[in-house]
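Biologist: Hello! Could you walk me through this model one question at a time, and start with a term I will need?

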Amino acid sequence: MSPSLAENLLDWYQDHARSLPWRDNPDPYNVWIAEIMLQQTRVETVLPYYDRWMTQFPALDSLAQATQQEVLSAWEGLGYYSRARNLHRAAQIVMDELDGKFPQDVKSLRRLPGIGRYTAGAIASIAFGLDEPALDGNIRRVFSRVFDVRHLARSKESEAQLWQLAASHLPAGRAGEYNQALMDLGSLICTPREPDCSACPLNKHCQAYFLGVQAERPLRPERKSLPHHIVGSAIIERAGQVLIAQRPQDGLLGGLWEFPGGKIEPGEDIAAGLKREICEELGVEIEIGPAYGVYQHAYTHFRVTLHAFLCQLDGRQPQNLYHTSLAWTEIPSLVDYPMGKIDRQISNALIDLPRSLAPEI
DNA sequence: CAAACGTGGAC
DNA sequence: TGTCCAAGTTT
């Protein structure tokens, strides 16, 4: 009798498993942090963040006791910041409501914020040794090829079929290894472009390879083009300090700090639009000074071109009409506030070129 | 349930 | 240079 899919896979994994820090000691906390960081994020990107995180927040209690600003600063640059806010909240829930005991089954894991179907299965199988499936992007691709799934990727039909496949081939008692082996296989061999089918331990099982259609699986839906927004931002300076604002908790870059401003309406003059935004957000008129750079950035669902300006207030105090909070800060202290990429670039420019704030000096 | 949610790297 | 992609979750 020829070896099963799981047998071939696990044999391969024994020799080819990647050495990763969270695999050294796969306790629930380590696996949880790694799984959240790895959501929609490459392993190479995660590695330095994971190491710093474990130094700063070595266990559940230290994470629960940290401030949200500390957590967001540790996360800065990783993106999808709700992951960090949810990790922090979940750590506090476990400490305060669950007596410090991390949930140990899929159903209770999924009650924690930020843990969905995939992550619950991953933690349950890897950290607790339970026979649970975990379907991520790699495993979707592997199974879409091995079983020649012809439904459109992410459709209801393909999701149902793939979760069924992920569950139906689990080797009893070795689900954690199996799930990780599938992910390593997807990452190393069964790659999105030019999979290395000749080196694949599953090529004898692979229907797409047999049919020569592996490059066309999974079946991808068409993508829409991204909208492009023009944004104005005000670097409001007063007595050697600049005004920064903390974004609302929900939505884009929630909880991070920014230079206030906003979207310019189509056809609107940039300076006029920036004055309007500042008036809406801070209830004050500004005088717009020298331009301070044009910044291009692509988010997941839109692109922006951001125009920054050095600005002065009209003498009145800004009111907080939109943000979580406002702060006046010395320029060197901007490093202490978590920010998204563009505002970090602006901050770094200010730190590197402080004289440009006071060109008369 | 379609849309929102970041960023960096490969081609 | 623009597009695609990468260990998903939430609303």
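Modeller: Happily! A polar contact is a pair of N or O atoms within 3.5 Å; within protein, one must be able to donate a hydrogen and the other to accept it, and residues adjacent in sequence count only if both atoms are side-chain atoms. This is a predicted model, where local features need pLDDT of at least 70, side-chain atom pairs count only at pLDDT 80 or more, and totals for chains, interfaces and linings use all residues, while side-chain values use heavy atoms, with hydrogens and water left out. Residues are numbered from 1 along each chain as its sequence is written, and chains are lettered from A and ligands numbered from 1 in the order in which they are written.

Biologist: Which residue places a backbone N or O atom 2.4 Å from a phosphate oxygen of DNA strand B?

Modeller: Start with the 20 residues around DNA strand B, each with a heavy atom within 4 Å of the strand. Sugar and phosphate make up 52% of the strand's atoms that come within 4 Å of the protein. The side chains of H297 and K341 each bring an N or O atom to 3.0 Å from a phosphate oxygen. The backbone atom at 2.4 Å belongs to L253.

Biologist: How many residues of the surface near DNA strand B are charged?

Modeller: Here Ala, Val, Leu, Ile, Met, Phe, Trp, Tyr, Cys and Pro count as nonpolar, Asp, Glu, Lys and Arg as charged, and the others, Gly among them, as polar. Seven residues of this surface are nonpolar and nine are polar. The charged ones number four.

Biologist: What share of the atoms of DNA strand C within 4 Å of the protein comes from sugar and phosphate?

Modeller: DNA strand C is surrounded by 26 residues, with L38, G114, D136, N138 and P192 the closest. The sugar and phosphate share of its atoms within 4 Å of the protein is 63%.

Biologist: Which residue has a polar side-chain atom 3.4 Å from a base nitrogen of DNA strand C?

Modeller: Let's sort the contacts by the part of the strand they reach. The side chain of D136 has an N or O atom 2.5 Å from a sugar or linking oxygen, and a backbone N or O atom of G137 is 3.0 Å from a phosphate oxygen. The base nitrogen is reached by W22.

Biologist: How far apart are the centres of domain 1 and domain 2?

Modeller: Chain A has domain 1 (5-216) and domain 2 (228-357), with bounds from an automatic or database domain assignment. Taken over C-alpha atoms, the distance between their centres is 37 Å.

Biologist: Which residue forms a salt bridge with E76?

Modeller: Side chains of opposite charge can pair when their charged atoms come close. A salt bridge needs a side-chain nitrogen of Lys or Arg within 4 Å of a carboxyl oxygen of Asp or Glu. One such bridge is counted between domain 1 and domain 2. With its closest N and O atoms 2.7 Å apart, the partner of E76 is R344.

Biologist: How many residues apart in sequence are the parts tied together by D184 and R18?

Modeller: These two side chains form a salt bridge, 2.8 Å from N to O. Helices here are DSSP runs (H or I, at least four residues), numbered from the N terminus. D184 lies in helix α12 (residues 175-188) and R18 in the loop between α1 (5-16) and α2, so the sequence separation of the parts they tie together is 166 residues.

How values were computed. Helix = DSSP H or I, 4+ residues; strand = E, 2+ residues; numbered from the N terminus.
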